[in-house]
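Visitor: I am new to this structure and would like a close look at a single part of it. Could you take me through one sheet, strand by strand, and then show me what lies around it?

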Amino acid sequence: MARKIDWESQIGRRLKLRDLHVFMTILQCGSMAKAATQLGVSQSAVSGVIAELEHTVGVRLLDRSPRGVEATTYGRALVLRSQAAFDELKQGIRDIEFLADPTMGEVRIGCAESTASAMLPALLRQFLQHYPHVVPHIIPMVTPTLELSALRDRTLDLVIARLMRGGAGEDDDLHVENLFDDQLILAVGMQNQWTGRRKIELAELVDEPWILTPPNTWNSIILAEAFKLRGLVMPKPSMVTFSVPLRADLLAHGPFITAFPSSIMHFSAEQLSVKVLPVDLSARPWPVAIVTLKNRILSPVAQRFIDHVRAFTRSMALGMASEKKSA
């Protein structure tokens, strides 16, 4: 019976990856002489490595015969685990290559539905033109507050968030970088009865059929504040949904009203076939921000993506300001 092997004294301090590599090469070649030739060392050096390896683990690993060498039962067990160990090491090297090369790899991004439907398509098109080998993972989430568990547990690299406040505040484990201030607008289909008006009071729209987002979303919170500011009750919804494409389709084919961020209209007004109503909501703008975890070293590809988001949103904000002046 083989004696019990003490990991710390026999394995942890004495077993070398080189020894395992020699062992694996012998079995692949079928003889110590062929293995020595492939490794570019003497046969006696190969024999010495195997003798030391067998002494370390305390069992015979190879059976020698005129036909060559074969693994013993113990040797086969070591082969199986060694293959897994070398494979993991190779994967580790590949991971390092991905991390060190900002032109390839993966980046995991959390964002709200309204962000994904507004600036994200154009932003990603530009980014992937420069970095076609990067694979973005887009994870939808609700982001009016900084309760970002997926960011904190490192499932995500960053979040593009619509926040109810502009800074990290008590969330000192997060870094919040404001990108731009978005505005809420009201939209209808191109054939809606309200499209011919040059000015509309919010009170006139209370009894219209509304499509709202869920109560805890940026969109719904801002709209509720606008109604409350005028002493009005929030309208009863005809439908509640996050989906921007669904809301746009229903607007285009029905009498509905909904609230969109102005950034959606900046990028997609024509594709969505909707029109902005001339309603002054007097709502304060809410920031769109990049949120990352403090004291975490992001991969180069994630950092490149953040740099791209900064440049893209700077240009976008200038375009939106110009549109607002000319409106």
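Guide: Let us begin with one pair of strands: β8 (residues 210–212) and β9 (residues 237–240) run parallel to each other and pair over three bridges, where pairing requires that DSSP finds at least two bridges between two strands. Within this pair, Trp210 stands opposite Pro237 in β9. To get from β8 to β9 the chain passes through helix α9 (residues 218–229), and this β-α-β crossover is right-handed, a word used when, with the strands pointing away from the viewer, the path from the first strand over the helix to the second runs clockwise. The helices (H or I, at least four residues) and strands (E, at least two) named here are DSSP runs, numbered from the N terminus.

A word on the source: this is a predicted model, in which local features need pLDDT of at least 70 and side-chain atom pairs count only at pLDDT 80 or more, while totals for chains, interfaces and linings use all residues. Residues are numbered from 1 along each chain as its sequence is written, and side-chain values use heavy atoms, with hydrogens and water left out.

The two strands belong to an open sheet of five, in the order β9-β8-β10-β7-β11, with mixed pairing. Because β9 and β11 (274–276) stand at the edges with a single partner strand each, one side of each is left without a neighbour in the sheet. From one strand to the next the twist averages 40 degrees. Towards the β11 edge, β7 (residues 184–189) pairs with β11 in the antiparallel sense over three bridges, and here Gly189 has Val274 in β11 as its bridge partner.

Across this sheet lies helix α10 (residues 244–252), which spans β7, β8, β9, β10 (257–261) and β11 and runs at about 140 degrees to β10; such angles run from 0 to 180 degrees between N-to-C directions, the axes being lines fitted to C-alpha atoms, for helices over the stretch in contact, and contact means heavy atoms within 4.5 Å.

One more residue deserves a look, Ser263 in helix α11 (residues 262–272). Ser263 counts as buried because its relative accessibility is 1%, the limit for buried being under 20% relative accessible area (1.4 Å probe, protein chains only). Its side chain makes a polar contact of 2.6 Å with the side chain of Asp182 and another of 3.3 Å with that of Arg162; a polar contact is a pair of N or O atoms within 3.5 Å, of which, within protein, one must be able to donate a hydrogen and the other to accept it, and residues adjacent in sequence count only if both atoms are side-chain atoms.

Terms used. Buried < 20%, exposed > 50% of the residue type's maximum accessible area, 1.4 Å probe, protein only.
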